[in-house]
Amino acid sequence: MAAQAAGVSRQRAAAQGLGSNQKALKYLGQDFKTLRQQCLDVWGPYLRTPELPAPCDLCFVPNCFQELCPSPQFIIGGATRTDICQGGLGDCWLLAAIASLTLNEELLYRVVPRDQNFQENYAGIFHFQFWQYGEWVEVVIDDRLPTKNGQLLFLHSEQGNEFWSALLEKAYAKLNGCYEALAGGSTVEGFEDFTGGISEFYDLKKPPANLYQIIRKALRAGSLLGCSIDVRHMASVLADPLRCRHACKVDFQGHQERLIRLRNPWGEVEWSGAWSDDAPEWNHIDPQRKEELDKKVEDGEFWMSFSDFVRQFSRLEICNLSPDALSSEEVHKWNLVLFNGRWTRGSTAGGCQNYPGKWYDLCSSQPLPPRLK
């Protein structure tokens, strides 16, 4: 009966829109607007966050912005990839996912609400939203960040007085228990938690024959695509997660060459082989087509042949976005069906990336995620 009552309660909450991006659930029962007003009226500007313990073997001194920076800004000139610089934490997978968000304002501001800054109604309190087990969750944090020698210890912006990305990392750390929990992961995990999308994976050492068609279909559907190189077999400087941006075919020396355009979220480092910015292959295609595709800008984006892509990279991750995350009428949207229930050993349990036979042991108490068809 308790399970039935819980199911009815969840259905009623869903019918009221609770758990949607517009009415996110309150993590630990903390409501941002209520707490911010209490900070302004009663407590003063600095709300503490005891729910986020210090990482056990990463020493830091928490600091508020009045001590760290005299004129802090939340976002300066729009969110860009230069706002995401890795610090002393091994969470490049997360940073790659955040960098991808900066390419799509619609997705970014679902995670990073616009109603916060360091000027109007500033109370030392911020909030972010993440997708967890089929629902959007609002996470509230204060403005204390890990520092060492007066500098941010973890994620930071190139501009010393811009803090949206560092605060986002802290909120995600709070949701996961501590900063240490972010050390090591997969970019697609960040994609899922930032979008509510559903992921699929491809081993590029054993790719399906129609992988190129799969990529083009995913790009048309507005999906987020990331690729990475297994560090154990690394033979390239392109070691961090990259994002697939475009795929096309060109007529080249009597045959059609399949190309794929990638973006390094950190910029600077690019592919230098065939079809790179200054490669001779561009001199053998139609000049108009070359002008359309050949962008010689040090922005971290580059073309490479699909065959080289498969040889160089180890893994392709695709996060298919749910319909509510896509406003463009030009993309082919997925249909979303949400089932509420429980992981059941040998029945509904899925598979962990590293331990597929033990997923139900880890997640037996969690509700089922949504499925896309």
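# Close-up views of a predicted model

**View 1. Helix α7 and its surroundings.** Seven of the nine residues that make up α7 are buried, so this helix is largely enclosed by the rest of the structure. As in every view that follows, the model shown here is a predicted one. The buried residues of α7 are Thr187, Val188, Gly190, Phe191, Asp193, Phe194 and Thr195. After α7 comes glycine 196, whose phi is positive, near 80°. On the other side of the helix in sequence, glycine 185 has its place in the loop between α6 (164-176) and α7. Because its relative accessibility is 42%, glycine 185 counts as partly exposed. The C-alpha atom of glycine 185 is separated by 7.5 Å from that of leucine 94, although the two residues are 91 residues apart along the chain.

**View 2. Aromatic pairs, with two examples.** The count of aromatic pairs in the model comes to 17. In one of them, the rings of phenylalanine 130 and phenylalanine 194 have their centres 6.0 Å apart and their planes at 40°, so the pair is tilted. Phenylalanine 130 belongs to strand β3 (residues 125-132) and phenylalanine 194 to helix α7 (residues 187-195), so the pair ties together parts that are 64 residues apart in sequence. Phenylalanine 130 is buried, with a relative accessible area of 0%, and phenylalanine 194, at 1% relative accessibility, counts as buried too. In another pair, the ring centres of phenylalanine 252 and tryptophan 275 lie 5.0 Å apart and the planes stand at 70°, so this pair is edge-to-face. Since phenylalanine 252 lies in strand β9 while tryptophan 275 lies in the loop between β10 and α9 (287-293), the pair ties together parts that are 23 residues apart in sequence. Both phenylalanine 252 and tryptophan 275 are buried.

**View 3. An aromatic cluster and two arginines over rings.** One aromatic cluster is formed by Phe74, Phe118, Tyr122, Phe126, Phe128 and Phe163. Elsewhere in this legend the rings are accompanied by arginine side chains: arginine 114 lies over the face of tyrosine 109, at 3.8 Å from the ring centre. Arginine 258, in turn, lies over the face of tyrosine 212, at 5.2 Å from the ring centre.

**View 4. The six-stranded sheet.** Six strands, taken in the order β7-β12-β8-β9-β10-β11, form an open sheet in which the pairing is antiparallel. Its edge strands are β7 (198-203) and β11 (301-305), each of which pairs on one side only. From one strand to the next, the twist averages 35°. Helix α8 (residues 211-220) lies across β7, β8, β9 (242-252), β10 (255-263) and β12, and runs at about 115° to β9.

**View 5. Strand pairing around glycine 226 and arginine 243.** Strand β8 (residues 224-228) is joined by five bridges to strand β12 (residues 315-320), and the two run antiparallel. Within this pairing, the bridge partner of glycine 226 in β12 is glutamate 317. Three bridges join β8 to β9, which also run antiparallel, and here glycine 226 stands opposite arginine 243 in β9. Following the sheet onward, β9 and β10 pair in the antiparallel sense over nine bridges, with arginine 243 standing opposite arginine 263 in β10. These two strands, β9 and β10, form a hairpin with two residues between them, and glutamine 253 in the turn has a positive phi of about 50°.

**View 6. The hairpin of β5 and β6.** Two bridges join strand β5 (residues 145-148) to strand β6 (residues 151-152), the two running antiparallel. The bridge partner of lysine 148 is glutamine 151 in β6. The strands β5 and β6 form a hairpin with two residues between them, and asparagine 149 in the turn has a positive phi of about 55°.

**View 7. Two cysteines and the absence of disulfides.** The structure holds zero disulfides. Cysteine 178 is buried, because its relative accessible area of 17% is under 20%. Cysteine 319 is likewise buried, with a relative accessible area of 0%.

Methods
Residues numbered from 1 in each chain as written. Heavy atoms only, no water. Disulfide = S-S within 2.5 Å. Buried < 20%, exposed > 50% of the residue type's maximum accessible area, 1.4 Å probe, protein only. Pairing = 2+ DSSP bridges. Helix = DSSP H or I, 4+ residues; strand = E, 2+ residues; numbered from the N terminus. Axes fitted to C-alpha atoms, helices over the stretch in contact; angles between N-to-C directions. Contact = heavy atoms within 4.5 Å. Phe/Tyr/Trp six-rings, centres within 6.5 Å; stacked < 30°, edge-to-face > 60°. Lys NZ or Arg CZ within 6 Å of the ring centre and 35° of its normal.
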